[in-house]
Amino acid sequence: MTLPAAGSAPDLASELKRAPEDLAARLIGATLTFAGVGGLVVETEAYDAADPASHSFAGPTLRNAAMFGRPGTAYVYRSYGRHWCLNIVCGSRPGGAVLFRALQPLEGLDAMRKRRGTDNLRLLSTGPGRLCQALGITGAVDGESMLAAPFDLTLADGGREVVCGRRIGITKAQDRPWRFGLAGSQFLSRPFSER
DNA sequence: CTTTTGATGCCCT
DNA sequence: GGGCATCAAAAGA
């Protein structure tokens, strides 16, 4: 087991208390793995209960219950009937979460290729649905803590350039610049050229 | 190359 | 029954 150098990486538990948009920016450059499979977080989006585009906007329901759980809880939902999408709950306000939209594959590449049925690195975990399929994340994980195994989420220690823009695939509150990405990454689901 | 559309599950009204 | 935080294949230019 390798520990980060003393004082270099921010403490995840305290970062989780931030507002969703702050956490989303700070998760860029982090490393996320699930049962040893995953990579570098290069794209995220923030959602919050005061946000018409958020699943938590209308208050707690059966589907979104995990969004109102403890900071660090995984919220996994089925998207368009075919895909799973992974969020991490944050603690500044109830109903806040950050959607993981894309990873740069680093660990467990064989498992990712097998689950995704392609060798193309860009098609392994670029996009929230692909990301979950590549890592083997399903609704069974909904409500579990991402602070413990089989999850491993380690924040970057700084020195990266983060870009932001409008969110993708939503019809409400499209003007909120709550999508964040690692500048220059080849693994973004779309470029940040807009606006 | 870009845009459109079908597949598909489930929550909400 | 409508709408959706998606993806991949098909159709158009």
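## DNA strand B

DNA strand B is surrounded by six residues: Thr61, Arg63, Arg78, Tyr80, Gly81 and Arg82. Of the strand B atoms that come within 4 Å of the protein, 58% belong to sugar and phosphate. This picture comes from a predicted model. By class, the surface near strand B has three charged residues, two polar ones and one nonpolar one.

Which atoms of DNA strand B lie close to polar atoms of Thr61, Tyr80 and Arg82? For threonine 61, a polar side-chain atom lies 2.7 Å from a phosphate oxygen of strand B. Tyrosine 80 uses its backbone: a polar atom there is 2.3 Å from a base oxygen of strand B. Arginine 82 uses its side chain, where a polar atom lies 3.2 Å from a base nitrogen of strand B.

## DNA strand C

DNA strand C has 21 residues around it. Those that come nearest are Tyr80, His83, Asn87, Arg130 and Gly169. Sugar and phosphate make up 61% of the strand C atoms that come within 4 Å of the protein. The surface near strand C has nine nonpolar, nine polar and three charged residues. Tyr80 appears on the list for strand B and on the list for strand C.

Three side chains show how polar atoms meet strand C. In tyrosine 47, an N or O atom of the side chain is 3.3 Å from a sugar or linking oxygen of strand C. In histidine 55, a side-chain N or O atom is 3.3 Å from a base nitrogen of strand C. In histidine 83, a polar side-chain atom lies 2.8 Å from a base oxygen of strand C. Four elements each give two or more residues to the surface near strand C: strand S3 (74-79), S4, S5 and H4. Which of them gives the most? H4 does, with three residues.

## Helix H4

Helix H4 spans residues 128-135. Is this helix mostly covered or mostly uncovered? It is mostly covered, with six of its eight residues buried. Those buried residues are Pro128, Gly129, Leu131, Cys132, Ala134 and Leu135.

What do the buried residues of H4 pack against? Their partners are strands S1 (31-34), S2 (37-47), S4 (83-90) and S5 (96-107), together with helix H3 (109-116). Just after H4 comes glycine 136, with a positive phi of about 80°.

## Strands S1 and S6

Strand S6 covers residues 151-154. In a regular strand, side chains alternate between the two faces of the sheet. S6 has a covered face with Phe151 and Leu153. Its uncovered face holds Asp152 and Thr154.

S6 runs antiparallel to S1, and four bridges join the two strands. Which residue of S6 is the bridge partner of threonine 31? The partner is threonine 154, a residue of the uncovered face of S6.

## Unusual backbone spots

Most residues other than glycine have a negative phi, and most peptide bonds are trans. Three places in this model go the other way.

Alanine 35 has a positive phi, near 55°. This alanine is found in the loop between S1 and S2. Alanine 35 counts as exposed because its relative accessible area is 57%, over the 50% cut-off. Tyrosine 80 also has a positive phi, of about 50°, although it is not a glycine. Tyrosine 80 lies in the loop between S3 and S4. With a relative accessible area of 75%, tyrosine 80 is exposed too. That value counts protein chains only, so the DNA around this residue plays no part in it. The third place is a cis peptide bond between alanine 149 and proline 150, with omega about 5°. Proline 150 lies in the loop between H4 and S6.

## Glycine 184

Glycine 184 is found in the segment after strand S8 (179-182). Is glycine 184 buried or exposed? It counts as exposed, because its relative accessibility is 64%. Valine 163 is 21 residues away along the chain, and the C-alpha atoms of these two residues are separated by 9.1 Å.

## Confidence

How sure is the predictor about chain A? The mean pLDDT is 91, and 94% of the residues reach 70 or more. Among the elements of chain A, confidence is lowest in helix H1 (residues 12-15), at a mean of 92. Confidence is highest in S1, at 97.

Definitions and conventions. Residues are numbered from 1 along each chain as its sequence is written. Chains are lettered from A and ligands numbered from 1 in the order in which they are written. Side-chain values use heavy atoms; hydrogens and water are left out. A residue is near a molecule or strand if one of its heavy atoms lies within 4 Å of it. A polar contact is a pair of N or O atoms within 3.5 Å; within protein, one must be able to donate a hydrogen and the other to accept it, and residues adjacent in sequence count only if both atoms are side-chain atoms. Ala, Val, Leu, Ile, Met, Phe, Trp, Tyr, Cys and Pro count as nonpolar, Asp, Glu, Lys and Arg as charged, and the others, Gly among them, as polar. Buried means under 20% relative accessible area, exposed over 50%, partly exposed in between (1.4 Å probe, protein chains only). Contact means heavy atoms within 4.5 Å. Two strands pair if DSSP finds at least two bridges between them. pLDDT is the predictor's confidence in each residue, from 0 to 100.
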